[in-house]
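Me: Please take a close look at the salt bridges here. Tell me which parts of the chain they join.

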Amino acid sequence: MAKSALIRSGMDLEDMPSETPIMADTAATVPYTVIGESDADKDHFVVRDGVAFAGTHLIIDLWEASRLDEIDHIEETLKEAVEAAGATLLHIHLHHFTPNGGVSGVAVLAESHISIHTWPERGYAALDVFMCGDARPHETLAVLRRAFEPGQVGLGEHRRGLTL
């Protein structure tokens, strides 16, 4: 949310939690525990390192990447990423822009979403991978590397819904 929108909404920026980026090599498979004793009381929050939160939001930048204008390839890649993460695909919607061939879209998941925005003329793709419950969002990285063969990958992680 833009700073001006926060101010207009009356929110105090001093109370906003800060985002802590992590290095790609520390984003190994991390065990998650779903909170709740039965299906009736599961809210799909997770516990990692003794901290409860809604889910993991990965911000992924792919640079020097290929096949960013191939909408069918992107759709298949998103499906493979969802499967690798152990998530549940509900719907995929992609849009192909002209004249540059960029693609924007989202895979809507029971556990949240994966979004993608590509700039093939720059070899760049921006992805958000947000998943709750016992889904494994870091598992999408290997799929994205294989599918788009980026020269560089930027990765940030944010824990959404931290409980205080």
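Reply: The salt bridges come below, one pair at a time.

This is a predicted model, in which local features need pLDDT of at least 70, side-chain atom pairs count only at pLDDT 80 or more, and totals for chains, interfaces and linings use all residues. Residues are numbered from 1 along each chain as its sequence is written, and side-chain values use heavy atoms, with hydrogens and water left out.

The whole structure holds six salt bridges (a side-chain nitrogen of Lys or Arg within 4 Å of a carboxyl oxygen of Asp or Glu). One of them pairs Glu157 with Arg48, at 2.4 Å from N to O. Glu157 sits in strand 9 and Arg48 in strand 2 (residues 46-48), 109 residues apart. Strands (E, at least two residues) and helices (H or I, at least four) are DSSP runs, numbered from the N terminus. Glu157 and Arg48 are both buried (under 20% relative accessible area; exposed is over 50%, partly exposed in between; 1.4 Å probe, protein chains only).

Strand 9 also carries Arg159, while Asp49 lies in the loop between strand 2 and strand 3 (51-53), so this pair ties together parts 110 residues apart in sequence. Their side chains meet at 3.2 Å, N to O. Arg159 is partly exposed at 23% relative accessibility. Asp49 is exposed, at 68%.

Another salt bridge lies within helix 2: Glu76 and Lys79 are three residues apart there, about one turn. Their N to O distance is 3.7 Å. Glu76 is partly exposed at 48%, and Lys79 is partly exposed at 34%. Through shared partners, salt bridges join Glu75, Glu76 and Lys79 into one network.
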